[in-house]
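Student: Please take one part of this predicted model and go through it closely. Start with a single residue, explain each term once, and then follow the neighbouring parts outward.

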Amino acid sequence: MTPHIEAKKEEIANIVFMPGDPMRAKFIAETYLEDYTLVNQVRGIYAYTGFYKGKRVTVMASGMGMPSMGIYSYELYKFYDVDTIIRIGSAGSYTEELHVFDLLLVEKAYSESSYAKVQNGCTEDILSSSTELNTILKETAKEVGQKLSVGTVHSSDVFYKEKNEYEKLRQNYGCMAVEMESFALFHNANSLGKKATCVLTISDSFITKEETTSKERETSFTAMIELVLEASLKL
């Protein structure tokens, strides 16, 4: 056990899916997993371990923001010997090509955050996800007929920015959307020799001003969920 996870080591699978929202973790377990067990509820961060088509997986919330993702992903990698974490979250679109409910596979995350520098002195502001995992996800998307955009995301420390310069982020770094966790996840994976990637569902758009409701973000991102679950069968 750790200060933030009460599960025993053997209760966490080698593959972990991490939505931000604890209620989305609960929805995934109840909807898609068999013989699942609630293995963590410290601070309301639910984690469930069960089986998807015979594959043992864990679904655990990360909470919001890089500090929260940083804590949980580090503990899973370091103390629970987790090999693979796939973040499944929501994002705001920075481009007219991505609309509400579209899927984005994150190959790189750009951030102004000091997370990596403070954690171990890393000064990179663009970090990459696992090529191996991304290849499997792209192959699976083709097999199931799921459209999957691929690119760079902006991992922000701030949700309510007084001045949002998303056009510059798109132009200077190729950021297609914004979220708040991937950069910390990728840093921990790269630092500890583990694997990580992220699949996002567009929940709102800075271009068209479309947006989803909180209930839709909890229960309607099924295309993303089903894609990563199917991909896990190849891991």
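Tutor: A residue is buried if its relative accessible area is under 20%, exposed if the area is over 50%, and partly exposed in between, with a 1.4 Å probe and protein chains only. Ser155 has a relative accessible area of 0%, so Ser155 is buried.

Two notes on the model come first. Residues are numbered from 1 along each chain as its sequence is written, and side-chain values use heavy atoms, with hydrogens and water left out. The model is predicted, so local features need pLDDT of at least 70 and side-chain atom pairs count only at pLDDT 80 or more, while totals for chains, interfaces and linings use all residues.

Ser155 belongs to strand E8, residues 149-155. Helices (H or I, at least four residues) and strands (E, at least two) are DSSP runs, numbered from the N terminus. What surrounds Ser155 can be listed by contact, meaning heavy atoms within 4.5 Å. Leaving out residues up to four places away in sequence, Ser155 touches Met66, Ala109, Tyr110, Ser111 and Glu112. Glu179, Glu181, Ser182 and Phe183 are also touched by Ser155. Three of these names lead on to other parts: Phe183, Met66 and Tyr110.

Take Phe183. Besides touching Ser155, Phe183 is also touched by Ala116. Ala116 sits in helix H3, which covers residues 115-120. Its relative accessible area is 1%, so Ala116 is buried. With residues up to four places away in sequence again left out, the other contacts of Ala116 are Gly121, Cys122 and His187. Asp83 is a different case: Ala116 and Asp83 are 33 residues apart in sequence, and their C-alpha atoms are 20 Å apart in space.

Next, Met66. Helix H2 covers residues 66-79, and Ser73 has its place in that helix. Ser73 counts as buried because its relative accessibility is 0%. What does the side chain of Ser73 contact? Two polar partners turn up, Met69 through its backbone oxygen and Asn188 through its side chain. A polar contact is a pair of N or O atoms within 3.5 Å; within protein, one must be able to donate a hydrogen and the other to accept it, and residues adjacent in sequence count only if both atoms are side-chain atoms. A polar atom of the Ser73 side chain lies 2.7 Å from the backbone oxygen of Met69, and the contact between the side chains of Ser73 and Asn188 is given as 2.9 Å. Not counting residues up to four places away in sequence, Ser73 touches Ile85, Leu185 and Asn188, so Asn188 appears in both lists.

Tyr110, the third name, brings in the aromatic rings. A pair of aromatic rings is described by the distance of the centres and the angle of the planes. Rings of Phe, Tyr and Trp (its six-membered ring) pair if their centres lie within 6.5 Å; planes under 30 degrees apart count as stacked, over 60 as edge-to-face and the rest as tilted. The whole structure holds 9 aromatic pairs. One of them joins Tyr74 and Phe79 in an edge-to-face arrangement, 6.4 Å from centre to centre and with 70 degrees between the planes. Tyr74 is partly exposed because its relative accessible area is 26%, and Phe79, at 44%, is partly exposed as well. Tyr110 and Tyr173 have ring centres 3.8 Å apart and planes at 15 degrees, so that pair is stacked. Tyr110 lies in strand E6 (residues 103-110) and Tyr173 in helix H5 (residues 166-173), so the pair ties together parts that are 63 residues apart in sequence. On accessibility, Tyr110 is buried at 7%, whereas Tyr173 is partly exposed at 30%. Elsewhere, Tyr36, Tyr46 and Tyr48 make up one aromatic cluster.

Two exposed residues complete the tour. Asp35 has its place in strand E2, residues 34-40, and counts as exposed because its relative accessibility is 64%. Although Asp35 is not a glycine, its phi is positive, about 50 degrees. Lys53 lies in the loop between strand E3 (47-52) and strand E4 (55-60). At 59% relative accessibility, Lys53 is exposed. Lys53 is likewise a residue other than glycine with a positive phi, near 50 degrees.
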